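Please open the model in your viewer and keep the selection tool at hand, since this tour moves from one selection to the next and says what is there at each stop.

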Amino acid sequence: MERLEPELIRQSWRAVSSSPLEHGTVLFTRLFDLEPDLLPLFQYNCRQFSSPEECLSSPEFLDHIRKVMLVIDTAVTNVEDLSSLEDYLTGLGRKHRAVGVKLSSLSTVGESLLYMLEKCLGPAFTPATRAAWSQLYGAIVQAMSRGWDGE
C-alpha cells in the first residue's frame with residue numbers, strides 16, 4: 001500500500017475537528033439520506049426514532065456522533081502508525097456487527113465522511129486530499145472488518 005499523506009490529512013482535519021458535533025451531524029445526515037435502513041439500528045431505551053431529524057437531535061445520538069468523530073480523530077493522530085489501533089478497530093467492528101450493522105454499510109459511512117469533508121473544506125478538498133482520506137478510511141475499514149470475520 002502506498003504511503004498515506006499524513007500532512008494532507010492532518011491539515012484538513014484541523015478545519016473539521018474544531019466543531020466535531022456540527023460536522024459529525026453533516027456526516028450522519030448524509031448517511032441517513034444514503035441508507036435510511038440504518039435508522040432503526042439506533043434505539044435508546046427500546047424506542048425507535050420516527051425520523052432522521054428526531055434521531056439527530058437526541059442527546060444519546062449526539063453522544064454517538066461525538067464518539068465517531070473521536071475515533072476519526074484518533075486515526076488522524078495515529079495516521080503514521082495505524083497498526084497500533086488495529087485491535088481497537090477490530091473490537092469496534094465486532095460491536096457494530098453485534099447491533100446489526102452490515103459490513104457493506106461501512107462504505108456508505110466512508111462516502112458520507114468524504115461528503116462532510118467536501119462540504120466543510122470546499123475548494124481546499126483537493127483530489128489529493130480526497131485520495132488521502134479514502135486511503136485512511138480504507139485502512140480503518142480493513143481493521144474494523146475483522147470484527148465481522150467468522151460470520
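**A charge over a ring**

Begin by selecting Arg30 together with Tyr115, where the charged end of Arg30 sits over the ring of Tyr115, 4.3 Å from its centre; a charge is said to sit over a ring if NZ of Lys or CZ of Arg is within 6 Å of the ring centre and within 35 degrees of the ring normal. Before going on, note that this is a predicted model, in which local features need pLDDT of at least 70 and side-chain atom pairs count only at pLDDT 80 or more, while totals for chains, interfaces and linings use all residues. Residues are numbered from 1 along each chain as its sequence is written, and side-chain values use heavy atoms, with hydrogens and water left out.

**Salt bridges in helix 1 and beyond**

Next, select Glu7 and Arg10, which both lie in helix 1 (residues 6–17) and are 3 residues apart, about one turn of the helix; helices (H or I, at least four residues) and strands (E, at least two) are DSSP runs, numbered from the N terminus. An α-helix has 3.6 residues a turn, so residues three or four places apart point the same way. Arg10 forms a salt bridge with Glu7, with the closest N and O atoms 3.5 Å apart, where a salt bridge is a side-chain nitrogen of Lys or Arg within 4 Å of a carboxyl oxygen of Asp or Glu.

How exposed are these residues? Arg10 is partly exposed at 24% relative accessibility, and Glu7 is partly exposed with a relative accessible area of 44%; buried here means under 20% relative accessible area, exposed over 50%, and partly exposed in between (1.4 Å probe, protein chains only).

Add Arg14 to the selection, and you will find that its side chain meets that of Glu7 in a salt bridge at 3.9 Å, N to O, while Arg14 counts as exposed at 51% relative accessibility. If you also add Glu80, you have a network in which Glu7, Arg10, Arg14 and Glu80 are linked by salt bridges.

Now move to Arg146 and Glu86, whose side chains meet in a salt bridge at 3.1 Å, N to O. Arg146 lies in the segment after helix 7 (127–145) and Glu86 in helix 5 (residues 86–98), so this pair ties together parts that are 60 residues apart in sequence. Arg146 is partly exposed at 34% relative accessibility, and Glu86 is partly exposed at 30%. By the rule given above, the count comes to 7 salt bridges.

**Thr90**

Stay in helix 5 and select Thr90, which is buried with a relative accessible area of 10%. Which residues is Thr90 in contact with, leaving aside its neighbours within four places in sequence? They are Ala143, Met144, Arg146 and Gly147, where contact means heavy atoms within 4.5 Å.

**The aromatic rings**

The structure holds 8 aromatic pairs, and a pair of aromatic rings is described by the distance of the centres and the angle of the planes. Rings of Phe, Tyr and Trp (its six-membered ring) pair if their centres lie within 6.5 Å, and planes under 30 degrees apart count as stacked, over 60 as edge-to-face and the rest as tilted.

Select Phe28 and Phe32, which are 4 residues apart in helix 2 (residues 20–34), separated by about one helical turn. Phe28 is buried at 5% relative accessibility, and Phe32 is buried with a relative accessible area of 3%.

Then add Phe42: the rings of Phe32 and Phe42 have their centres 5.9 Å apart and their planes at 85°, so the pair is edge-to-face. This pair links distant parts of the chain, with Phe32 in helix 2 and Phe42 in the loop between helix 2 and strand 1 (43–44), 10 residues apart. Both Phe32 and Phe42 are buried. Adding Phe61 completes the selection of a cluster in which ring pairs link Phe28, Phe32, Phe42 and Phe61.

**Helix 6 and the cysteines**

Select helix 6 (residues 105–121), whose buried residues include Leu106, Gly110, Leu113 and Leu117. The buried residues of helix 6 pack against helix 1, helix 2, helix 4 (59–77) and helix 7. Just after helix 6, Gly122 takes a positive phi of about 60°.

Finally, select Cys55, which is buried with a relative accessible area of 0%, and Cys120, which is partly exposed at 24% relative accessibility. A search of the whole structure finds 0 disulfides, a disulfide being a pair of cysteine sulfur atoms within 2.5 Å.
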